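Student: Could you take me on a close look at one part of this protein? I would like to go slowly through one helix and its surroundings, and then the aromatic rings.

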Amino acid sequence: MKLNGLNHLTLAVADLDRSWDFYHGLLGARPHARWAGGAYLSLGELWLCLSLDAPEPGSGYTHYAFDVAPADFPAWTERLSAAGVRMWKDNHSEGGSFYFLDPDGHRLELHVGSLQSRLAACRAQPYRDMVFFDQEAC
């Protein structure tokens with residue numbers, strides 16, 4: 001028995017129109033359904049649900065990263081910056097990353113790279129006390 005991955009991401013939003021404009025209009029999420037209390041969209045294979053509620057984003061490192069092609073990364077960061085999107089962190093790790101906030105303060109990231117590219121970089125320069133596991137042992 002195993003989990004198959006992330007099924008969907010639901011974000012509590014204070015203003016559905018504003019969040020619709022952000023996720024659909026600015027980020028290009030594909031719309032599937034919308035109702036008085038929410039919306040269903042998708043970004044690639046990710047099912048995104050916006051739910052009208054009281055957002056309470058955390059203050060830790062929890063965030064949601066969207067995959068972007070290396071060639072598209074500069075245009076995306078320029079687009080978000082031009083739209084006045086606020087950054088919440090500078091990138092200090094392998095791969096291109098742009099950390100930004102949505103209108104309700106949810107921490108998001110555009111990321112270039114994969115788990116495999118991150119592990120390769122970490123094998124070259126491991127984090128403190130880092131241990132690697134081969135796939136056969138998992």
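Tutor: Happy to! Let's start with residues 5-113, whose end C-alpha atoms lie 18 Å apart, a span that is 19% helix and 39% strand. Helices (H or I, at least four residues) and strands (E, at least two) are DSSP runs, numbered from the N terminus. This is a predicted model, where local features need pLDDT of at least 70 and side-chain atom pairs count only at pLDDT 80 or more, while totals for chains, interfaces and linings use all residues. Residues are numbered from 1 along each chain as its sequence is written, and side-chain values use heavy atoms, leaving out hydrogens and water.

Now to helix 2 (residues 73-82): its buried residues (under 20% relative accessible area; exposed is over 50%, partly exposed in between, with a 1.4 Å probe and protein chains only) are Phe73, Thr77 and Leu80. Looking down the axis of helix 2, these fall within an arc of 65°, so they line one face of the helix; the arc is that of the directions from the helix axis to the C-beta atoms. Ala75, Glu78 and Ala82 are exposed on the other side. The buried residues pack against helix 1, strand 7 and strand 8 (107-111), with contact meaning heavy atoms within 4.5 Å. Just after helix 2, Gly84 has a positive phi of about 80°.

Next, the rings. Phe22 in helix 1 (residues 16-26) and Phe100 in strand 7 (residues 97-101) form a pair that links parts of the chain 78 residues apart. Both Phe22 and Phe100 are buried.
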